[in-house]
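Open the model in your viewer and keep a selection panel at hand. The stops below are meant to be taken in order.

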Amino acid sequence: MKSPTYITTSWDDGHPMDLRVAALLAKCGIAGTFYVPAATELGTMSAAQLRELVHDFEIGAHTLHHIDLTRVSDRTAWQEIADSKAWVEDNTGVSCVCFCPPLGRYESLHLHMIRKAGYLGLRSVEFLSLDFPRRQAGLMLMPTTVQAFPHRFSAFAKNAIKRKALANLWRYVVHGRAAEWPVMAESLLRHAIARGGVFHLWGHSWELQDESQWQRLKDVLCFMGGFVRQAPALTNGQLCRMSMPSVTVLSQAAQAAKTAAAGG
Ligand SMILES: [Zn+2]
């Protein structure tokens, strides 16, 4: 029996244009996780907009100030990781289980910090993967499939070589020769449905605006929406929970019960 297929999407940086992405996702019946920092140079949505978004979508953490974790002290990195979880939870009233390091940059010590802060999952920027979340350092690491952005071939090659992920590069050669991300997305989604796996589309709303990609995004999301019976759409957090070994889920539930019994 082939393994199941799931669809997920994620959107970084918390720009007010995220609401436009959210409207398209809702229209096409696709779930999404928005990684929202407290502040960025490009501006972030208001508290009221964030509360509107959390009605239908998952909110993940993306540090407080959109910092590159590899360029700050360990102490600052820890504060940015732990405090952004508290910030999301205070502003949404919902538990925040997924973290995305800005610019996709992190080192192994950050994985330990992310786990210690209480997250379940981390979304990386590995491209062209159809893998389920992988367990590493007590976290579920989620790679991505396609970015809603017109990359050049060199970007894919660099990404695959850095990660020693030559199978991903092979997928580019087979599915991406048209070099148009919507073509690659459609081809890889069909491939995921045929063989099983996770199709993960991600992007930045401000980039969609800068590159005039809205019509393309709408077309791709409508196409994805046509497959949700074969490939249910989940948030990043739902996908992590589903992929976690059951023993971890049980021990985390036991830990949560212990904390609750101890009064917080
Ligand atoms: Zn970012």
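## Stop 1: the zinc site

Select His66 first; the residue is partly exposed, because its relative accessibility is 23% and the partly exposed class runs from 20% to 50%. Bear in mind throughout that this is a predicted model.

Now add the zinc ion and the other residues that bind it. Which protein atoms are the donors of the zinc ion? They are OD of Asp13, NE2 of His62 and NE2 of His66, at 2.0 to 2.2 Å from the ion. Along the chain these donors follow the spacing D-x48-H-x3-H.

Colour the donors by accessibility. His62 counts as buried, because its relative accessibility is 1%. Asp13 also counts as buried, because its value is 6%.

Stay on Asp13 and display its backbone. Asp13 sits in the loop that runs between β1 (5–12) and α1 (18–28). Its phi is positive, about 95°, although Asp13 is not a glycine.

## Stop 2: the whole chain

Zoom out and switch to a cartoon. How many helices and strands does the chain have? The secondary structure comprises eleven helices and nine strands. The chain has 264 residues, and 51% of them count as buried. Of the contacts in the chain with a separation of 6 or more, 72% are between residues 24 or more positions apart.

## Stop 3: the nonpolar cores

Select Trp11, Phe34, Tyr119, Phe199, Leu201, Leu217 and Met224 and show side chains. These are the residues with the most contacts inside the largest nonpolar core, which has 59 residues. Helix α7 (residues 181–195) supplies the largest share of this core, seven residues.

For the second, separate core, select Tyr35, Cys98, Cys100 and Met142, which are among its nine residues.

Return to Phe34 and list its contacts, leaving out residues up to four places away in sequence. Phe34 then touches Trp11, Asp18, Val21, Ala22, Leu25, Leu53, Phe57, Glu58, Ile59 and Gly60.

Next, go to Met184, which is in helix α7. Is Met184 buried or exposed? Met184 is buried, because its relative accessible area is 3%. Draw a C-alpha to C-alpha distance from Met184 to Arg171: the two are 9.4 Å apart in space and 13 residues apart in sequence.

## Stop 4: helices α3 and α4

Select residues 74–92 for α3 and residues 108–116 for α4. Two packed helices are described by the angle between their axes and the distance between the axes. Here the axes come within 9 Å and cross at roughly 40°, and the crossing in which α3 passes α4 is right-handed. On α3, the contact is made by Asp74, Ala77, Trp78 and Ile81, and on α4 by Leu109, His110, Met113, Ile114 and Lys116. Sorted by class, the contact has six nonpolar, one polar and two charged residues.

Still on helix α4, pick Leu111. Leu111 counts as buried, because its relative accessibility is 2%. Apart from residues up to four places away in sequence, Leu111 touches Tyr106, Leu122, Gln136, Ala137, Leu139 and Leu141. A C-alpha to C-alpha line from Leu111 to Gly121 spans 9.9 Å, with ten residues of separation in sequence.

## Stop 5: two loop residues

Where is Leu103 found? Leu103 is in the loop between β4 (98–99) and α4. Leu103 counts as exposed, because its relative accessibility is 52% and the cut-off for exposed is over 50%. Phi of Leu103 is near 65°, a positive value in a residue other than glycine.

Finish at Gly226, in the loop between α9 (214–225) and α10 (236–243). Gly226 is exposed, because its relative accessible area is 57%. Select Gly29 as well and draw the C-alpha distance: the two glycines are separated by 9.0 Å, and lie 197 residues apart along the chain.

Terms used. Residues are numbered from 1 along each chain as its sequence is written. This is a predicted model: local features need pLDDT of at least 70, side-chain atom pairs count only at pLDDT 80 or more; totals for chains, interfaces and linings use all residues. Side-chain values use heavy atoms; hydrogens and water are left out. Donors are N, O and S atoms within 2.8 Å of the metal (3.2 Å for Na, K and Ca); water is not among the atoms, so sites may look incomplete. Buried means under 20% relative accessible area, exposed over 50%, partly exposed in between (1.4 Å probe, protein chains only). Axes are lines fitted to C-alpha atoms, for helices over the stretch in contact, and angles run from 0 to 180 degrees between N-to-C directions. Helices (H or I, at least four residues) and strands (E, at least two) are DSSP runs, numbered from the N terminus. A crossing is left-handed if the near helix is turned anticlockwise from the far one by less than a right angle, and right-handed if clockwise. Contact means heavy atoms within 4.5 Å. Ala, Val, Leu, Ile, Met, Phe, Trp, Tyr, Cys and Pro count as nonpolar, Asp, Glu, Lys and Arg as charged, and the others, Gly among them, as polar. A nonpolar core is a set of buried Ala, Val, Leu, Ile, Met, Phe, Trp, Tyr and Cys residues joined through side-chain atoms within 4.5 Å.
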